[in-house]
Amino acid sequence: MPFYGLDFGTSNSSIAVAIDDETRLIPIDPLAANPAVASSVLFVERDGGRVSIGAEAIKTFVERNVGREI
């Protein structure tokens, strides 16, 4: 029976699976330099629709907020 562990950290997050005597990180961010570690960033569309995490969330936020006054 597999066991899963989630570390939702302040800066980075990861998920691991342990099966028998082997533990491994699960790739969760295909755009990251290390796909097994995701930046702890969430992007949610204004209408509550699409949600993205990690590198994709950062990319989407930057693309959607060009020229927007902060």
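Colleague: L6 stands opposite I15 in β2. What makes β1 and β2 a pair?

Modeller: Bear in mind that this is a predicted model. To call two strands paired, DSSP has to find at least two bridges between them. Strand β1 (residues 3-8) and β2 have six, in the antiparallel sense, so they qualify as a pair. They also form a hairpin, with three residues between the strands.

Colleague: And how do you know that β2 and β4 pair?

Modeller: Same test. Two bridges join β2 and β4, again antiparallel, and the rule asks for at least two, so the pairing counts. One of the matches is N12, whose bridge partner in β4 is S39.

Colleague: What about β2 and strand β3: how many bridges join them?

Modeller: Four, and the strands run antiparallel. That is set against a minimum of two, so β3 (residues 22-25) is paired with β2 as well. I19 stands opposite E22 in β3. The hairpin of β2 and β3 has two residues between the strands, and D20 takes a positive phi near 55 degrees there.

Colleague: Why is S13 called buried?

Modeller: Its relative accessible area is 7%, and buried means under 20%, so the label follows. S13 is found in strand β2 (residues 12-19). Leaving out residues up to four places away in sequence, S13 touches D7, F8, I28, A36, V37, A38 and S40.

Colleague: What lies 3.4 Å from a polar atom of the S13 side chain?

Modeller: The backbone nitrogen of G9. The distance cut-off for a polar contact is 3.5 Å, so 3.4 Å falls within it.

Colleague: I28 turned up among the residues S13 touches. Why is I28 called partly exposed?

Modeller: Its relative accessibility is 23%. Buried would need under 20% and exposed over 50%, so I28 lands in between. I28 sits in the loop between β3 and β4. Neighbours within four places in sequence aside, I28 is in contact with S13, S14, I15, P35, A36, A38 and I53. As for I58, it is 30 residues from I28 in sequence and 15 Å away in space, C-alpha to C-alpha.

Colleague: Now the helix. Which residues of α1 are buried?

Modeller: In α1 (residues 54-64) they are G54, A57 and T60. They cover an arc of only 115 degrees around the axis, which is why they count as being on the same side of α1. An α-helix has 3.6 residues a turn, so residues three or four places apart point the same way.

Colleague: What do the buried residues of α1 pack against?

Modeller: Three strands: β4 (38-39), β5 (42-44) and β6 (51-53). Overall the protein has one helix and six strands, in the order β-β-β-β-β-β-α from the N terminus.

Colleague: How does the radius of gyration of the protein sit against a compact globule of 70 residues?

Modeller: The globule would come out near 11 Å, whereas the protein has 15 Å. The globule rule is 2.2 Å times the number of residues to the power 0.38, so the protein does not match the compact figure. Its C-alpha atoms fill a box of roughly 50 × 25 × 20 Å along the principal axes.

Colleague: And how much of the protein counts as buried?

Modeller: 26% of the 70 residues. The accessible surface is about 5500 Å², with 58% of that belonging to carbon and sulfur atoms.

Terms used. Residues numbered from 1 in each chain as written. Predicted model: local features only at pLDDT ≥ 70, side-chain atom pairs only at ≥ 80, totals over all residues. Heavy atoms only, no water. Buried < 20%, exposed > 50% of the residue type's maximum accessible area, 1.4 Å probe, protein only. Arc of directions from axis to C-beta. Contact = heavy atoms within 4.5 Å. Polar contact = N/O pair within 3.5 Å; in protein donor to acceptor, adjacent residues only side chain to side chain. Areas by Shrake-Rupley, 256 points an atom, 1.4 Å probe, with all protein chains shown as cover.
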